[in-house]
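Colleague: I'm new to this one, so please pick a single part and take me through it closely. Plain words are fine, and please explain your cut-offs as you go.

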Amino acid sequence: MMLKDNALWSSLPVPTIIIGPDNRIVDINSACEGFLNVSAKSIKGEPVWDQIAINDPLESAFERARETHTPLFVNDVDVGSGARAPMQSDLQVAPLTGSAGSMILMISPRELAGRMTQNNTVKSAAKSAIGMAEMLAHEIKNPLAGITGAAQLLSMNLKSEDLELTDLIVEESRRIVKLLEQVEQFGNLSSPDFQPVNVHDVLDRARRSALLGFGAHMKIIEDYDPSLPLAYGDPDQLLQVILNLLRNASEAAGGKPGKIRLHSYFEHSFRLRRSDGSGQSLPLQIEVIDDGPGLPEAIKGDVFDPFVSGKENGTGLGLALVSKIISDHSGWISVTSVPGHTVFRISLARAPKDAASKET
């Protein structure tokens with residue numbers, strides 16, 4: 001089979017698989033190695049349907065395309081593997097000329113391109129909501145301070161049985177002030193101080209902090225790619241992102257022991273296509289994976305919006321802050337969630353060569 005020896009094969013930007021007559025993988029190109037997060041050597045000879053997961057009964061249609069020597073097009077299916085979360089994609093299948101019974105399968109991820117316009121609209125709405133909340137926070141904090149002070153003065157002349165009411169006023173006022181301070185922090189977040197960042201150092205700092213505090217009941221597993229190059233970002237802001245995600249995963253366990261896996265890997269074919277047609281390579285991948293109950297169905301599509309929370313007393317700002325920081329890094333964050341398996345995936349740019357060399 002000469003296609004795999006051609007420079008065109010290795011240059012194809014679309015993840016592509018050559019499948020033999022026995023439905024075993026003959027070869028995959030470099031873009032597919034990145035998409036599936038596996039090496040071509042490790043996957044050759046394996047049954048194709050054991051290596052890629054598609055949320056559609058494709059096998060019978062695939063066999064018909066082989067028998068009739070016709071192409072097959074399948075749109076809007078989730079495609080993943082054991083090493084990566086599913087991504088909405090279009091599939092193209094066609095008989096491979098010159099090789100009886102062999103097929104070529106091309107995977108075109110479309111999740112990013114299709115969601116960028118909507119994502120920009122959401123960000124604009126979120127920015128307006130946060131701006132209004134900031135203004136309200138500033139106006140409300142002063143009256144609240146007066147209410148708290150008045151309640152404390154009243155408590156000095158009350159009988160012990162009546163103190164419960166003033167204590168409630170003080171407690172609830174302080175809770176509201178804390179929420180308002182979080183809103184102000186969200187709006188006042190400074191621009192990232194970009195520099196080369198070892199993401200494993202960030203993950204280790206977050207892991208240690210979590211285990212000493214809110215995540216003491218969790219087992220946090222390190223699953224790192226030791227060859228991962230430096231990212232380009234603000235280490236303190238990225239630390240805040242990971243801490244927020246670890247806190248969410250820990251709280252989702254409801255105080256019971258659970259597992260969180262911190263997974264890093266390199267996916268060189270991951271490229272963010274923006275609504276204006278431009279693109280950016282985001283090959284550094286970080287996943288925070290937990291075995292909790294999963295996100296509530298009602299908020300799955302809105303978890304990164306401000307004031308959306310699945311927790312009873314949640315502010316809905318934690319994940320919105322995470323999304324804002326990653327957006328300021330020109331990165332991408334997504335989530336897939338089913339009971340027992342929730343994955344928050346962050347995609348970041350690698351540090352420019354000149355910046356990385358200065359760092360080292």
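Modeller: Start with how the chain folds back on itself: of the contacts (heavy atoms within 4.5 Å) between residues at least 6 apart in sequence, 64% join residues at least 24 apart. Bear in mind that this is a predicted model, where local features need pLDDT of at least 70 and side-chain atom pairs need 80 or more, while totals for chains, interfaces and linings take in all residues. Residues are numbered from 1 along each chain as its sequence is written, and side-chain values use heavy atoms, without hydrogens or water.

The protein has eleven helices and 15 strands, which are DSSP runs numbered from the N terminus (H or I of at least four residues for helices, E of at least two for strands). Of its 360 residues, 40% count as buried, meaning under 20% relative accessible area, with over 50% called exposed and anything in between partly exposed (1.4 Å probe, protein chains only).

The part I'd look at is helix H9, residues 235-252, together with its partners. One of them is helix H10, residues 318-328. Their axes (lines fitted to C-alpha atoms over the stretch in contact, with angles from 0 to 180 degrees between N-to-C directions) are 9 Å apart, at an angle of about 150°. That makes H9 roughly antiparallel to H10, since angles over 145 degrees get that label, under 35 is roughly parallel, 65 to 115 roughly perpendicular and the rest oblique. The crossing is left-handed: the near helix is turned anticlockwise from the far one by less than a right angle, whereas clockwise would be right-handed.

Who touches whom here? On the H9 side you'll find Gln237, Leu238, Gln240, Val241, Asn244, Leu245 and Asn248, and they meet Gly318, Leu319, Leu321, Val322, Ile325 and Ile326 of H10. By class, that's eight nonpolar, five polar and no charged residues. Nonpolar covers Ala, Val, Leu, Ile, Met, Phe, Trp, Tyr, Cys and Pro, charged covers Asp, Glu, Lys and Arg, and the others, Gly among them, are polar.

Now for another partner of H9, helix H8 (residues 199-212): the two axes come within 9 Å and cross at roughly 45°. That makes H8 oblique to H9, and this crossing is right-handed. H8 brings Val202, Leu203, Arg205, Ala206, Arg207, Ser209 and Ala210, while H9 offers Pro235, Asp236, Leu238, Leu239, Ile242, Leu243 and Leu246. The tally for this contact is ten nonpolar, one polar and three charged residues. Leu238 is worth finding on your screen, as it takes part in the contact with H10 and also in the one with H8.

Before you leave H10, step back to the loop between strand E13 (284-290) and that helix, where Gly294 sits. Gly294 is partly exposed, at 25% relative accessibility. Its C-alpha atom is 5.2 Å from that of Val338, although the two residues are 44 apart along the chain. Leaving out residues up to four places away in sequence, Gly294 touches Ser337, Val338, Pro339 and Thr342.
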